[in-house]
Amino acid sequence: MKNVQLSHLDAEGNAHMVDVGEKPITARIAVAQAEIAMRPETLSMICKGELPKGDVFSCARIAGIMAAKRTFELIPMCHPLPIDAVTIEFEAQAPARVLVKATLRCNWKTGIEMEALTAASVAALTVYDMCKAIDRGMVIQNICLLEKAGGKSGRFVRETETTE
């Protein structure tokens with residue numbers, strides 16, 4: 001990490017949006033995750049479709065997709081991207097955890113990692129919102145980038161998907 005130059009800072013240390021105008025368009029992918037720890041009873045109700053607000057995963061999937069498309073409005077230095085695909089997957093892990101995985105693809109001049117992280121985070125927040133009436137003690141944790149490919153920096157794959 002010696003001599004790492006942050007692209008969002010100019011020579012005087014002022015924040016600025018990176019000029020991507022001359023960069024080539026490449027295929028890009030990013031995969032991010034978030035986990036929601038909850039009571040076993042909460043996970044059971046989600047899986048059985050017994051929550052009064054409806055289908056938790058369907059609502060959270062839509063929220064994650066919407067969030068991915070609006071990331072540039074939330075993160076100051078993000079460029080608006082022409083997102084080609086968003087996939088939000090949920091894995092109920094007994095006894096008391098849901099794993100959210102967001103996979104995004106685009107063909108553009110800059111990466112799609114922030115969109116994937118935002119999608120996973122907002123999907124997890126929506127699970128919380130849908131279940132908070134029965135379990136306010138849920139914890140959203142381990143939000144991280146699992147993988148990215150494309151562009152000048154190449155490929156990154158996290159060695160372990162989750163931390164305990």
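Helices, numbered from the N terminus, are DSSP runs of H or I with at least four residues. The exercises below concern a predicted model.

**Exercise 1. Determine which helix holds Thr42, whether Thr42 is buried or exposed, and which residues it contacts.**

Solution.
Step 1. Thr42 belongs to helix 1.
Step 2. A residue counts as buried under 20% relative accessible area. The value for Thr42 is 0%, so Thr42 is buried.
Step 3. Once neighbours within four places in sequence are set aside, the contacts of Thr42 are Cys131, Ile134, Asp135 and Met138.

**Exercise 2. State how many helices and strands the chain has, and in which pattern they follow one another.**

Solution.
Step 1. There are four helices and five strands in the chain.
Step 2. Along the sequence they give the pattern β-α-α-α-β-β-α-β-β.
Step 3. For the chain as a whole, the C-alpha atoms fill a box of roughly 55 × 30 × 25 Å along the principal axes. Of the 164 residues, 38% are buried.

**Exercise 3. Describe the order of the strands in the sheet and identify the strands at its edges.**

Solution.
Step 1. The five strands make an open sheet, with antiparallel pairing, in the order 2-3-1-4-5.
Step 2. Strand 2 (83-93) and strand 5 (156-157) each have a single partner strand, so they stand at the edges and one side of each lacks a neighbour in the sheet.
Step 3. Inside the order, strand 1 (residues 26-37) and strand 4 (residues 139-149) run antiparallel and are joined by eight bridges. Gln33 has Cys144 in strand 4 as its bridge partner.
Step 4. Helix 4 (residues 113-131) packs on this sheet and touches strand 1, strand 2, strand 3 and strand 4. The direction of helix 4 makes about 25° with that of strand 1.

**Exercise 4. Check the length of helix 2 against the expected span, and establish where its buried residues lie around the axis.**

Solution.
Step 1. Helix 2 comprises residues 56-69 and lies across strand 2 and strand 3 (97-108), at about 145° to strand 2.
Step 2. With 1.5 Å a residue, the 14 residues of helix 2 should span 20 Å. The end C-alpha atoms are 20 Å apart, so the two values agree.
Step 3. The buried residues of helix 2 are Val56, Phe57, Ala60, Ala63, Gly64, Ala67 and Ala68. Because these residues cover an arc of only 135° around the axis, they are on the same side of helix 2.
Step 4. The face turned away from that buried side carries the exposed residues Ile62 and Lys69.
Step 5. The elements covering the buried residues include helix 1 (40-48), helix 3 (71-74), strand 2, strand 3 and helix 4.
Step 6. At the N-terminal end, helix 2 is capped by Asp55, which has a side-chain oxygen 3.2 Å from the backbone nitrogen of Phe57.

**Exercise 5. Describe the surroundings of Thr71: its helix, its accessibility, its link to Ala68 and its other contacts.**

Solution.
Step 1. Thr71 is part of helix 3.
Step 2. The relative accessibility of Thr71 is 0%, and therefore Thr71 counts as buried.
Step 3. A polar atom of the Thr71 side chain lies 3.2 Å from the backbone oxygen of Ala68. Ala68 is itself one of the buried residues of helix 2.
Step 4. Not counting residues up to four places away in sequence, Thr71 touches Cys78, Met114, Glu115 and Thr118.

Methods:
Residues numbered from 1 in each chain as written. Predicted model: local features only at pLDDT ≥ 70, side-chain atom pairs only at ≥ 80, totals over all residues. Heavy atoms only, no water. Pairing = 2+ DSSP bridges. Helix = DSSP H or I, 4+ residues; strand = E, 2+ residues; numbered from the N terminus. Contact = heavy atoms within 4.5 Å. Axes fitted to C-alpha atoms, helices over the stretch in contact; angles between N-to-C directions. Expected span 1.5 Å × (residues − 1). Buried < 20%, exposed > 50% of the residue type's maximum accessible area, 1.4 Å probe, protein only. Arc of directions from axis to C-beta. Polar contact = N/O pair within 3.5 Å; in protein donor to acceptor, adjacent residues only side chain to side chain.
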